[in-house]
Amino acid sequence: MSDAVGYDTEGRIAVLTIDNPPVNALGIAVREGIVAQMDRAAADADVDAIVLLGAGRTFPAGADIREFDQPTREPHLIAVVDHLDTIEKPIVAAIHGTALGGGLELALGCHFRVASPTARMGTPEVNLGIFPGAAGTQRLPRVAGLDHALELIVLGKPIDAARAKDYGIVDGIIEGDLRAGAVAFASTVVADGTPRKISSEPRAGIGTPEDHAENIEKYRDLANRRMRGQDSPHQALDSVVDGLKMPYDEAVAADRKRFEACKNSDQSKALRYAFFAERDASKIPDIGKEVAPRDIASAGVIGAGTMGRGIVVSLADSGFPVTVVETSQEAIDTGLAEIGKTYDAMVQRGRIDAAEKDARMARITGAVGFDALADADLVIEAAFEDLNVKKEIFAKLDGVAKPGAVLATNTSYMDIDAIAAATSRPGDVIGLHYFVPANAMRLLEVVRPAKAAPDAIATGMALAKKTGKVGVLARVCHGFIANRSRLPLVREATFLVEEGASPARIDAVLTGLGMPMGPLAVSDLSGLDVSWRMRLSLADQHDPEVRYMHLADRMCELGRFGIKAGKGWYTYEEGSRRPTPDPETEAIAIEVAKEQGTARRDISDDEIRERCLYAAINEGAKILEEGIAARASDIDVMWLHGFGYPRWRGGIMYTADEIGLAEIHDRVCAFHAEHGKQWAPSALLARLAEEGGSFTG
Ligand code: CAA
């Protein structure tokens, strides 16, 4: 018998321990083990009740996702869960860590559930393009009621043990030793003769779909808004609703078919890819787990502008004491006042209470001058994007910071090797590229200059994890991975306006792919002047053979900086962020096209999609072939978390593989012939297209 599920006894209670590190996923060995050991306990005359728990860090965190790509092997998890109904001795699930997906379904099949106070549980399957396929859609409504079940199943967000107790999902919270507490609970159940609770049995008063029409509509609406374009939340909802109409066995049979269809869908494959891509991003090929990150007890931030403030909040939110420095007391006062407003907004939205706001504010100290940074273990510079300014800052910092401190720049595109060279300790200098707003955006691009010490890089990656972000590593080049791969998309979007497509049409094509906003609306939001200033500062490096963004320059020369100016690619009413198409934009485009000799024409949606998307993919391929990204999936993770690319499409490189690299290469070559050097095909793309290869396979 497999040793994935251990068996021992305490008095007259059998304790079954699932042991399948790291997260006790319910692979075939575990499923077989549970059935076998349950049968053993059922047959053991010296056993009155059974406790089921997980070894190590958690109760099972779900089905083994890696098995989804293999032929399924019996027993299916649903059969395991149903088998528990037939065991006539009480079974108590003892939950710690995270009981997720199939893990929670397994617990629901047990007759009682107890949990550690720190346990979390939920059904996050919709995030993988599936739904709880081991009868969770049938058992959870019977245990927790329809509203709570819909919340967990359709939205996929886990809850803590206290809430699970409120919802009736757990019968007791065990402070202290979980195993001992669960054994005591099981003994009491036996002593009291408490009948087993079988969660597949009908629940009185569960209601009909008509009774719950309002709630069902509410969750459909939430699914549409929060997971736009994604099918699985709707399948999950349909499955729950089926359960209100059919007996358990029939609903489970219907689920089986629906589940297989979901599992085999393109969306689920892309979502599973995204799940593993995020985990792979934390692995750096030449920096193993033996390289320990440096300890960060306190941090400093240089600059209290929008970016600096966001970084300060992110650090303070995660418990770090942080000193923010500015050049004048006035700038400090303004910065701290703005940070206070950010926290006020969190209090207003109910995300934190006033005491928590005070605790976070208390971690933040403002100071004038760099001396206040002398004790910081990590300093993040978030000053003006000017290479000379940054070099000066780092030279000064070098004289102040303590030995071993990690010195990071938040630049979004500059040469960090040059910045590191301004110090006597380039091994300590890294890039930490945050995205606006830095406290809310999950992506952190960790940039690795040539001389950075491995443990300085490990510190950047560890910081991402500690602050709830997804850290992705990039090497140094202009724009690193994120901005460099996105720039061609924005560039093509502006050329398309010059050639005759309207901003609204371009944005509609890209939102049609599932992106939350189109690139031109995003430019209006972030300000057209940001990239304008960058283009001006790099004017002497511009290759005359590469088409230039004259129209974008002209918009800025006319003061059309975007929302903050009331007009950009669109126009905006005072105080509104709603873009309204502006005929003046077209007039400006016609004028610039005339000056540049650009022919204006009808442009198809297909061309808009291909020009924008394929330009980014071609650049992504160059980033990969130059070794700026360690793997294609790192580029994808950046797009998912930095630019809102739909998760169910995996990322731009995954999308490219789906379309086929030969097709992409053909179109890139055609655009190269038509539009010039900026479309030069990546050598890697050409090779993979020729070989029938892929970026992500
Ligand atoms: N299957 C296979 N591998 C899994 C896994 C799963 N369900 N969950 C996690 N892992 C792996 C990860 O890939 C990672 O492997 P590597 O170390 O090789 O990269 C390792 O376990 C540790 O995972 P994390 O790095 O994510 O660890 P963490 O501590 O940050 O998070 C976690 C732990 C909260 C459990 C997180 O891993 C997670 O959310 N896992 C997925 C949970 C989930 O979606 N469950 C539902 C599965 S589908 C299902 O159950 C279908 C059904 O209805 C029958």
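**Exercises on backbone, sheets and a buried arginine**

F480 has a relative accessible area of 0% and is therefore buried (under 20%; exposed is over 50%, partly exposed in between; 1.4 Å probe, protein chains only). The model is predicted: local features need pLDDT of at least 70, side-chain atom pairs count only at pLDDT 80 or more, and totals for chains, interfaces and linings use all residues. Residues are numbered from 1 along each chain as its sequence is written, and side-chain values use heavy atoms, without hydrogens and water.

**Exercise 1.** Locate F480 and N24 and describe the phi angle of F480 and of N24.

*Solution.*
1. F480 occupies the loop between β17 and α18 (482-499) (helices, H or I, have at least four residues and strands, E, at least two; both are DSSP runs numbered from the N terminus).
2. Its phi is positive, about 50°, although F480 is not a glycine.
3. N24 sits in the loop between β2 (13-18) and α1 (28-43).
4. Here too a residue other than glycine has a positive phi, near 55° for N24.
5. N24 counts as buried because its relative accessibility is 2%.

**Exercise 2.** Which peptide bonds preceding P75 and P437 are cis or trans?

*Solution.*
1. E74 and P75 are joined by a cis bond with omega of about 5°; P75 belongs to the loop between β3 (49-54) and α2 (77-85).
2. The bond from V436 to P437 is cis, with omega of about -10°, and P437 is placed in the loop between β15 and β16.

**Exercise 3.** Give the strand order of the eight-stranded sheet and identify its edges.

*Solution.*
1. The sheet is open and has mixed pairing, in the order β12-β11-β10-β13-β14-β15-β16-β17 (paired strands have at least two DSSP bridges).
2. β12 (364-368) and β17 (470-475) each have a single partner strand, so each has one side without a neighbour in the sheet.
3. From one strand to the next, the twist averages 25° (axes are fitted to C-alpha atoms, for helices over the stretch in contact; angles run from 0 to 180 degrees between N-to-C directions).
4. Inside the sheet, β14 (406-409) and β15 (429-434) are parallel and share three bridges; T409 has G431 of β15 as its bridge partner.
5. Helix α17 (454-466) packs on the sheet and touches β13, β14, β15, β16 (443-448) and β17 (contact: heavy atoms within 4.5 Å). Its direction makes about 180° with that of β16.
6. Helix α12 (306-317) lies across β10 (299-302), β11 (322-326), β12, β13 (378-381) and β15, at about 170° to β10.

**Exercise 4.** Is R294 buried or exposed, and which side chains make polar contacts with R294?

*Solution.*
1. R294 is in the loop between α11 (266-281) and β10.
2. R294 is buried because its relative accessible area is 16%.
3. Its side chain makes a polar contact of 2.9 Å with the side chain of D428 (N or O atoms within 3.5 Å, within protein one able to donate a hydrogen and the other to accept it; sequence-adjacent residues count only through side-chain atoms on both sides).
4. The side chain of D455 is joined to that of R294 by a polar contact of 3.1 Å.
5. Leaving out residues up to four places away in sequence, R294 touches residues including G404, V406, G427, A453 and T459.

**Exercise 5.** Describe the six-stranded sheet.

*Solution.*
1. This open sheet runs β1-β2-β3-β4-β6-β9 with mixed pairing.
2. β1 (5-10) and β9 (172-173) are the edge strands, each pairing on one side only.
3. β4 (91-95) and β6 (112-115) run parallel, joined by four bridges; A93 stands opposite R113 in β6.
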